[in-house]
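Visitor: I'm new to this structure, so please pick one topic and go slowly. I'd like a close look at its salt bridges and at what surrounds them.

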Amino acid sequence: AKKAFMPLFFAKAWQPCTQWCWLRLCCRPGLKWAGKTVHQVIEELGGDEVNEALLTFQCMDHGETPRTASFPVHAMIVSHYMNGAWFPKGGPLSLARPLVSTIFKGGGAVLVRAPVQQIQVTQGRATGVRMKKKDAVLSCRKGVVSAAGLDATIHRLLSREDVEQYLSEERDFMHSLGQGTSCLSAFVTVKGDAKDLGLSDHNVWFFPKPPSAGYSLDDITAESRANAARLNTTEGNFFCFIGAGSLKDPECMELHPDTIALEMITDAEAEPFLALSDVESHRRTAEYKGHKKQLEERFRQILLAVYPKLEDHILSIDVSTPLSVDFYLKRTAIYGLPHTPERITSPLPRVVTKIQDFYLSGQDVTTGGWLPAVMSGALAASQILGYNPLDLMCGRTVIGGMYKVEGPPSNTSL
């Protein structure tokens with residue numbers, strides 16, 4: 001399924017006519033698997049609810065359940081983690097630094113705290129972006145690429161007139177799928193020695209109740225989301241991911257040997273939280289802050305159920321909600337579009353759009369996760385640089401071309 005699915009990724013890079021041919025010539029096996037849910041495949045293989053839960057507990061990595069997730073999306077995640085996973089030494093900044101220096105070397109710039117007001121479109125062509133600060137306009141030479149997600153691009157970055165004229169197909173497709181799931185997160189700081197406290201760099205998935213006959217992971221997830229929506233109580237556990245990112249990074253352990261950072265995540269519906277505050281103004285009511293305190297206690301109870309030795313060693317717990325997700329991503333759906341068969345088998349959204357020199361990138365083009373998001377950037381670059389399906393079949397790709405580029409300058413030299 002994984003090998004059959006890869007041509008579907010590349011299909012998003014082509015113009016509609018080329019894409020139509022590519023899908024029919026190279027993507028029939030991938031479309032077959034993508035049209036099935038995880039539950040359908042496991043059921044065909046004779047698995048029961050317990051087998052399904054053991055094979056799909058990582059479904060929170062794409063925000064769906066076995067009955068709604070497209071099979072290849074989940075299969076790729078399971079395959080990715082089968083022999084463990086990598087963590088960047090020095091944390092995420094170790095990835096950002098060389099990227100930034102490479103952009104500077106190419107004559108570009110990286111702007112922070114520079115929000116975009118609107119993508120400028122003139123006579124059907126993207127000509128630049130208008131910034132919120134000082135009403136400045138940055139003109140483009142080769143085009144504009146939006147990796148903000150389809151929702152933010154359509155509802156926040158393009159004018160209604162431009163959406164209606166050029167991206168109405170993508171807008172209608174997005175609305176037909178509905179919103180993807182959001183999440184609650186808790187960022188925990190612990191003081192002490194990891195070994196003495198029973199902590200390790202392994203990820204943990206906490207089940208409030210074990211799966212059984214007639215009680216599937218879909219049922220567990222539904223109960224968990226219902227519990228997350230109960231805002232006036234400190235009772236009710238979540239189906240929850242727990243990971244200690246600082247223990248995966250040797251540099252962090254050297255710099256902070258007695259301090260451990262953990263992250264806890266659970267799926268959540270956005271609506272109960274949106275009703276508590278003004279999303280646009282970012283004003284948080286006293287009621288909302290009180291609910292966050294209650295959620296903090298509920299996450300604490302789960303953490304101590306898994307790691308009882310952490311009692312008296314927890315320094316802080318900082319809870320984020322779907323409102324936090326919206327603040328940073330300009331949408332509440334943490335993974336963007338839902339990863340259903342309807343979404344994965346669709347030719348939309350493509351990298352190319354009806355707006356000349358305007359391209360889409362990010363996980364809405366491919367699938368959720370940082371690696372598919374990086375791949376979507378490579379697809380957008382392939383289109384901008386003029387690569388075509390023949391290049392791909394002959395082994396000429398933008399990734400291969402990158403190896404021929406000289407190494408970036410050091411951060412100190414910049």
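Guide: Let's start with some wording: a residue is called buried when its relative accessible area is under 20%, exposed when it is over 50%, and partly exposed in between. Keep in mind, too, that this is a predicted model.

Take arginine 396: its relative accessible area is 43%, so it counts as partly exposed. Its salt-bridge partner is aspartate 391, with the closest N and O atoms 3.0 Å apart. Aspartate 391 is buried, because its relative accessibility is 13%. Side chains of opposite charge can pair when their charged atoms come close.

The structure has twelve salt bridges, so let's visit a couple more. Arginine 125 pairs with aspartate 357, and the closest N and O atoms there are 2.7 Å apart. Arginine 125 sits in strand β2 (residues 125-131) and aspartate 357 in the loop between α17 and β10, so this pair ties together parts 232 residues apart in sequence. Again the arginine is partly exposed, at 27%, while aspartate 357 is buried, at 17%.

The loop that holds aspartate 357 is also home to lysine 354. With 58% relative accessibility, lysine 354 is exposed. Leaving aside neighbours within four places in sequence, it touches Gly124, Tyr166 and Glu169. Lysine 354 and leucine 167 are 187 residues apart in sequence, yet their C-alpha atoms are 6.9 Å apart.

Now hop over to helix α15 (residues 286-306), where arginine 300 and glutamate 296 sit four residues apart, about one turn of the helix. Their side chains meet in a salt bridge, at 3.8 Å from N to O. Arginine 300 is partly exposed at 26%, and glutamate 296 is buried at 18%. These two belong to a network of salt bridges that links Lys293, Glu296, Glu297 and Arg300.

Finally, here's a charged residue that goes without. Glutamate 52, in helix α5 (residues 49-56), is buried but has no salt bridge. Arginine 67 is the nearest side chain of opposite charge, and it lies 5.7 Å away. A salt bridge needs the nitrogen and the carboxyl oxygen within 4 Å, so that distance doesn't qualify. What glutamate 52 does touch, setting aside neighbours within four places in sequence, is His39, Ile42, Pro66, Ser216, Leu217 and Asp218.

Definitions and conventions:
Residues are numbered from 1 along each chain as its sequence is written. This is a predicted model: local features need pLDDT of at least 70, side-chain atom pairs count only at pLDDT 80 or more; totals for chains, interfaces and linings use all residues. Side-chain values use heavy atoms; hydrogens and water are left out. Helices (H or I, at least four residues) and strands (E, at least two) are DSSP runs, numbered from the N terminus. Buried means under 20% relative accessible area, exposed over 50%, partly exposed in between (1.4 Å probe, protein chains only). Lys and Arg count as positive and Asp and Glu as negative; His and the chain ends are not counted. Contact means heavy atoms within 4.5 Å.
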